[in-house]
Amino acid sequence: MNLRNIFVPIGVIGLVLVGYASAGWPGVAAVVGGLVMWALLHFTRLMNVMRKAAKRPIGYVGSAVMLNARLKSGVNLMHVMAMTQSLGERLSPADTDPEIYRWTDGTQSHVTCEFAKGRLQKWTLERPQAQEPTAAE
């Protein structure tokens, strides 16, 4: 069970109660205004990430090696999309957990990421094999 589903509503109710206890109804208005501002900031970030991702091909990243170096366990899919500025190519069936996405660069190197419950669990970098020089070269 995700404890965030319990603690966030309790925290919001607690903030509203503290606002009421300290300043009455103006305190509640200030707390609700702050919560609305927080929600609008997150919504704006989501829209900016999605707008940038819409302008690039699905599953494309500038450098798979750099993406591999910047990834950290526990980040969410939106954070990875903000780093790559594109939607990942979905490899897993819809509505399954874990979700698997792939980002490929121009050299056909690709990073395959596995998200369990919306958080990055593991990722692998695969690079194409180098061509062996022939006798003519």
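This report describes the fold, the overall dimensions and several individual residues of one protein chain. The structure is a predicted model, and every value below was computed from it.

## Overall architecture

The chain contains four helices and four strands. Followed from the N terminus, its elements run in the order α-α-α-α-β-β-β-β. The radius of gyration is 21 Å, whereas the globule rule gives 14 Å for 137 residues, so the chain is more spread out than a compact globule. Along the principal axes, the C-alpha atoms fill a box of roughly 85 × 30 × 25 Å.

Several totals describe the chain as a whole. Of its 137 residues, 23% are buried. The accessible surface amounts to about 9,600 Å², and carbon and sulfur atoms account for 63% of that area. When contacts between residues at least 6 apart in sequence are considered, 48% of them join residues at least 24 apart. The chain carries 14 positive and 9 negative charges, and the mean positions of these two groups are 14 Å apart.

## The helices α1 and α2

Helix α1 has 20 residues, which should span 28 Å at 1.5 Å a residue; the C-alpha atoms at its ends are 28 Å apart, so the two values agree. Just after α1 comes Gly24, which takes a positive phi of about 75 degrees.

Helix α2 covers residues 25–54, a total of 30 residues. From its first C-alpha to its last, α2 reaches 43 Å, close to the expected 44 Å. Its buried residues are Gly27, Val28, Val31, Val49 and Ala53. These buried residues pack against two other helices, α1 (4–23) and α4 (77–84).

Which residues does Leu15 touch, not counting those up to four places away in sequence? They are Val31 and Leu35. Leu15 itself is located in helix α1, and Val31 is one of the buried residues of α2. Leu15 has a relative accessible area of 43% and is therefore partly exposed, since the partly exposed class lies between 20% and 50%. Leu15 and Ser92 are 77 residues apart in sequence, and their C-alpha atoms are 40 Å apart in space.

Arg4 also belongs to helix α1. Its relative accessible area of 47% makes Arg4 partly exposed. Apart from neighbours within four places in sequence, Arg4 is in contact with Pro9 and Arg119. Arg4 and Ser86 are separated by 82 residues in sequence and by 27 Å in space, C-alpha to C-alpha.

## Tyr101 in strand β2

Is Tyr101 buried or exposed? Its relative accessibility is 9%, so Tyr101 counts as buried, because the limit for a buried residue is under 20%. Tyr101 is part of strand β2. Leaving out residues up to four places away in sequence, Tyr101 touches Leu77, Gly88, Glu89, Arg90, Val111, Thr112, Cys113 and Phe115. Among these, Val111, Thr112, Cys113 and Phe115 fall within the range of β3 (110–116). Tyr101 and Gly59 are 42 residues apart in sequence, while their C-alpha atoms are 8.0 Å apart in space.

## Loops and backbone features

Two residues have a positive phi although they are not glycines. The table sets out their phi values, places and relative accessibilities.

| Residue | Phi | Place | Relative accessibility |
|---|---|---|---|
| Gln85 | about 60 degrees | loop between α4 and β1 | 34% |
| Lys117 | about 55 degrees | loop between β3 and β4 | 73% |

At 34% relative accessibility, Gln85 counts as partly exposed. At 73%, Lys117 counts as exposed, because its value passes the limit of over 50%. Gln85 occupies the loop between α4 and β1, whereas Lys117 is in the loop between β3 (110–116) and β4 (119–126).

Where is Pro98 found? Pro98 is in the loop between β1 (89–90) and β2 (99–104). A cis peptide bond joins Asp97 to Pro98, with an omega of about 10 degrees.

Technical notes: Residues numbered from 1 in each chain as written. Predicted model: local features only at pLDDT ≥ 70, side-chain atom pairs only at ≥ 80, totals over all residues. Heavy atoms only, no water. Expected span 1.5 Å × (residues − 1). Buried < 20%, exposed > 50% of the residue type's maximum accessible area, 1.4 Å probe, protein only. Contact = heavy atoms within 4.5 Å. Rg over C-alpha atoms; globule rule 2.2 N^0.38 Å. Areas by Shrake-Rupley, 256 points an atom, 1.4 Å probe, with all protein chains shown as cover. Lys, Arg positive; Asp, Glu negative; His and termini not counted. Charge placed at Lys NZ, Arg CZ, Asp CG, Glu CD.
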